[in-house]
Amino acid sequence: MKGNEMKVLVFGDIVAKIGREAIKSTLPGLRDELNPDLIIGNCENLAQGKGVSANTIDEMVEAGIDLFTSGNHLWNRNDVFDMLADPHYADIIIRPANYPSSVPGKGWNLFTVGAKSVLVVNFLGRVFSEVMTDDPFRLFDRIIAETADRRPYAVLADFHGEATSEKIAFGWHVDGRAAAVWGTHTHVPTRDERVLPGGTAYITDVGMTGYRDGVIGVDREPILRHFMTQLPVRHEFPSSGEAVVNAALITIEESGKAAAIRHIQKTLTID
């Protein structure tokens, strides 16, 4: 940490092998350039575009990501249930907190960064969602109350959802109580990053890291065929080609409030 500031580098959805390769290619340079104290990535699309595996998490840890938020696709592979029973993975993978408490994994966790305690939480949006989850607004309030005695330096939240309105409303709901809220799930960067009046860094969607020349990371031909025929198609994720990396750098002051948020986008060719 530089002085009393903390820098957090956040990646949105990392999609399939090409997304993982793009992280491995660009993260060393970003670390040298930005010197982040904590690096977070959304892992729900790591393994073949949907779900996670131990190998893909290990690959991203080796690349330099410290911990992972997620979303509804976290459960797409059975591997995840064994992983979340393993303390090593359960401590670094955060599932959406508004699933029932009986669901494996942790919806929030406290991490030590330098000498500071940071609370990282993950929520699943309910608007346009097929998953019936708890109210993320009231649940955030409850988590903040439950962790108040541990006095976290900063609160960081990944809001994984479809609706821009719900994400924006959530940002206003937590303004001044969270250091940062970033949206994930739509794979498209919204570029509305700002620090809200109460000191919360906010962006509606960071955007994905994955195949640039498809449809939200998926090979475009089957998706075009689906829209033109309405027939089901198999999602294919190219392993090479043009990739895009989307991230956000959040600077947090000594007070635990955000000083700045900056969106980062890089493109590269993966062979």
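The lining of the largest pocket in this predicted model is made up, by class, of 11 nonpolar, 12 polar and four charged residues. The space within this pocket comes to about 670 Å³, and of the 27 residues that line it, the closest to its centre are Asn72, His73, Glu162, His185 and Ile216. As background to such a value, rolling a probe the size of a water molecule over the atoms shows where empty space is left.

From the pocket we can turn to the strands, beginning with E2, which spans residues 38–42 and is mostly covered, since five of its five residues are buried. In a regular strand the side chains alternate between the two faces of the sheet. In E2, Leu38, Ile40 and Asn42 point one way while Ile39 and Gly41 point the other way, and the residues of both sets are buried.

What lies beside E2 can be followed through its pairing with two other strands. Strand E1, residues 6–13, runs parallel to E2 and is joined to it by five bridges, with Val8 standing opposite Leu38 of E2. Between these two strands the chain passes through helix H1, residues 16–34, and the resulting β-α-β crossover from E1 to E2 is right-handed. Strand E3, residues 67–69, is likewise parallel to E2, and three bridges join the two; here Ile40 of E2 stands opposite Leu67 of E3. The connection from E2 to E3 goes through helix H2, residues 54–63, and this β-α-β crossover, too, is right-handed. Leu38 and Ile40, which face these partners in E1 and E3, belong to the set of E2 residues that point one way from the strand.

The charged side chains offer another way of reading the model. Side chains of opposite charge can pair when their charged atoms come close, and with a cut-off of 4 Å between a side-chain nitrogen of Lys or Arg and a carboxyl oxygen of Asp or Glu, the count comes to 14 salt bridges. One of them joins the side chains of Lys106 and Asp91, with 2.5 Å from N to O. Asp91 belongs to helix H4 (87–92), whereas Lys106 lies in the loop between that helix and strand E4 (108–113), so the pair ties together parts of the chain that are 15 residues apart in sequence. Both partners are partly exposed, Lys106 with a relative accessible area of 31% and Asp91 with one of 33%.

A second salt bridge brings together the side chains of Arg177 and Asp141, at 3.0 Å from N to O. This pair links distant parts of the chain, for Arg177 sits in the loop between helix H6 (164–174) and strand E7 (180–184), while Asp141 sits in helix H5 (residues 136–146), 36 residues apart. Arg177 is partly exposed, with a relative accessible area of 34%, and Asp141 is partly exposed as well, with a value of 30%.

In a further pair, the side chains of Arg234 and Glu236 meet in a salt bridge of 3.4 Å, again from N to O. Arg234 has a relative accessible area of 64%, so it counts as exposed, whereas Glu236, at 37% relative accessibility, counts as partly exposed. Salt bridges can also be followed beyond single pairs, as Arg20, Glu21, Lys24 and Glu59 are linked in a network.

Key. Residues are numbered from 1 along each chain as its sequence is written. This is a predicted model: local features need pLDDT of at least 70, side-chain atom pairs count only at pLDDT 80 or more; totals for chains, interfaces and linings use all residues. Side-chain values use heavy atoms; hydrogens and water are left out. On a 1 Å grid over the protein atoms alone, a cavity is a set of points where a 1.4 Å probe fits but cannot get out, and a pocket is an open set with protein on both sides within 12 Å along at least five of seven lines; lining residues have an atom within 4 Å of a point. Grid points are joined across faces, edges and corners, and a volume is the space filled by probe spheres set on the points. Ala, Val, Leu, Ile, Met, Phe, Trp, Tyr, Cys and Pro count as nonpolar, Asp, Glu, Lys and Arg as charged, and the others, Gly among them, as polar. Buried means under 20% relative accessible area, exposed over 50%, partly exposed in between (1.4 Å probe, protein chains only). Helices (H or I, at least four residues) and strands (E, at least two) are DSSP runs, numbered from the N terminus. Two strands pair if DSSP finds at least two bridges between them. A crossover is right-handed if, with the strands pointing away from the viewer, the path from the first strand over the helix to the second runs clockwise.
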